[in-house]
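Student: I should like to learn how to read the features of a protein model. Could we work through one together?

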Amino acid sequence: MIRVRFAPSPTGYLHIGGARTFIFNWLHARRQGGQVVLRIDDTDVERNTQASLDSIFEGLEWLELGWDELYRQSDRLDLHRQAAWSIFEKGLAYRDFTPADAQPENQTGGWLFNPGMRELTREESDRRADAGEPFVLRFRVPRGAGEEVVVDDGVYGRVTKSTGDLEDFALLRSSGVPTYHMASCADDADLRITDILRGQEHLANTFKHMLIFEALGAQAPRMAHLPLLMAPDGTKLSKRIHGPVVSVTTYRDAGFLPHAFVNFLCLLGWSPKNDREKMSLGELTELFSLDGINRANAIINFTEEEPFDPKALWLNAEHIRSLDLDELTRRLQPYAEQAGFEGATEQKLRTITPLIQERIRLLGEVASVADFFFVAPQSYDVEELIPKKGDAAMAADALRKAKEALAAAPAFDHATLETVLRDASDALGVKAGQMFQPIRVAVCGRKNAPPLFETLEAVGREDVLARLDSALGALL
RNA sequence: GGCGCUAUCGUCUAGCGGUUAGGACAGGGCCCUCUCAAGGCUCAAACCCGGGUUCGAUUCCCGGUAGCGCUACCA
């Protein structure tokens, strides 16, 4: 049974890179009928915040993927400490009494351990500890000549590092709180995690982790590191520098469909190799494989003017178009309410959905695309009422003729309206387009809108006639 | 600085010794058309540099360069 874990630390909001890591883990597990563990890595007491924790859950829940088990590392500190001391008992870790502020700076490279500490006898070490002297517990990295640690990575292949390049890293802080490395490995072993998929920034840490697993007498999980998501300027994503676009909830608020967003994120750093791009969650689950994961970092493309990657927008539009009317209506509802549309009942929305389905890329665009279905256009440029190759007189004629024809129309459905209005334009001796533009602007308040007849039908005879009147008024 | 990883159109990518270097998004043009979309067709756009290996390198090896990551009692 495959067991994966996603282990965010609540020291910042959930960003899209984290979301992608979660998604890849989820897909990897689900593809093989495995389980997904969500583990909150909150051992850094100083930097944890409730807001971050909330943002993580908010973001993950929105993805509509779910998980099977939930843990918090802070509930499991005893387990980590126990694991650390078991390593100490095996002689594979030692106490380092060097005060934190006396730690060598280490920028010229090459710091491996503090002289004197590694060689302390057990008696001496115990004596100083008993006397209450603070210490950190460090892993005793093997120092034999030519020794190396090997990682067989599911993405990067065989990667090795000489132990001569690995410092004696800390397992326990002087406060007694386990470090990330210790807590993470102890938990992975205890939770029987079989596969670790995580960001490539951890590749270099993995050598330490292999050492810890070995010292713990635990079988190391299979490792697979993911290329990183970068900002267009090539630097890492940062809310401070790049703004809210790096936060998952921004995508939710703008009106991305969760699984369209999942689809998009999957395409950054992974490919099914057959040129497929638009995939449902089911298809992704079926197609996902470590083989398809790229090794180079991927840039997510956004600018100040266009905060979302154009491909994300396109994919979202694709997913919107393939939703059935009920589902899309249901998804649209909260955004219509958010826009403050009066009377945005499901029934009313349902008549509008098909008219905007292929015209929006984001659910939130319902606000700007469908406004006139709910309220008469407040103001528009009167010039826009004037058709191409026409003048104000033609516009007025068209509007008057339309009023007359629409008032007399035997029915107010789009088929009837089409006949009636086309006949009217013939009678007026103008082109259909010249007839329709004034009507469209009068009713919708702009030149670009959904098809006219369906739109008129949805708006209704009474409102249409009233809007034609006020347009005529504005024209004269 | 040391160590690790990476390098194909603007962006995401396919390619796993011989290809007109393929697809997608974005961009240009055309068609369709009541506007806008959607759709169809089409154009432009890439193998980081230098050495090897080979009959032949985008592909394999080495070096350079560049980018990213790690180098904490952060994760």
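Tutor: Let us begin with a sheet, bearing in mind that this is a predicted model. Three strands make up an open sheet, ordered S4-S5-S8, with antiparallel pairing. Its edges are strand S4 (93–96) and strand S8 (170–172), each of which pairs on one side only. On average, neighbouring strands of this sheet are turned by 40° against each other, direction ignored.

Student: How many bridges join S4 to strand S5?

Tutor: S4 and strand S5 (residues 136–139) are joined by 4 bridges and run antiparallel. Within this pairing, alanine 93 stands opposite phenylalanine 139 in S5.

Student: Which strands form a hairpin?

Tutor: S6 and S7 do, with 3 residues between them. Strand S6 (residues 148–153) pairs with strand S7 (residues 157–162) in the antiparallel sense over 6 bridges. Aspartate 152 is found opposite arginine 158 in S7.

Student: How should one read a nonpolar core?

Tutor: In soluble globular proteins, nonpolar side chains tend to be buried together. Here the largest nonpolar core has 120 residues, and among those touching the most other members are Ala84 and Met182. Helix H1 (residues 16–31) gives the most to this core, namely 8 residues. Beyond its neighbours within four places in sequence, alanine 84 is in contact with residues including Ala93, Leu137 and Met182.

Student: Why should helix H11 span 16 Å?

Tutor: Helix H11 (residues 310–321) should span 16 Å because its 12 residues are reckoned at 1.5 Å a residue. The end C-alpha atoms are 17 Å apart, which agrees. Buried residues of H11 include Leu315 and Ile320, and its buried residues pack against helix H9 (258–266) and helix H12 (325–338).

Conventions: Residues are numbered from 1 along each chain as its sequence is written. Chains are lettered from A and ligands numbered from 1 in the order in which they are written. This is a predicted model: local features need pLDDT of at least 70, side-chain atom pairs count only at pLDDT 80 or more; totals for chains, interfaces and linings use all residues. Helices (H or I, at least four residues) and strands (E, at least two) are DSSP runs, numbered from the N terminus. The expected span of a helix is 1.5 Å times one less than its number of residues. A residue is buried if 20 or more other C-beta atoms lie within 10 Å of its own, exposed if 12 or fewer, and partly exposed in between; C-beta atoms are placed from the backbone. Two residues are in contact if their C-beta atoms, placed from the backbone, lie within 7 Å. Two strands pair if DSSP finds at least two bridges between them. A nonpolar core is a set of buried Ala, Val, Leu, Ile, Met, Phe, Trp, Tyr and Cys residues joined through C-beta atoms within 7 Å. Axes are lines fitted to C-alpha atoms, for helices over the stretch in contact, and angles run from 0 to 180 degrees between N-to-C directions.
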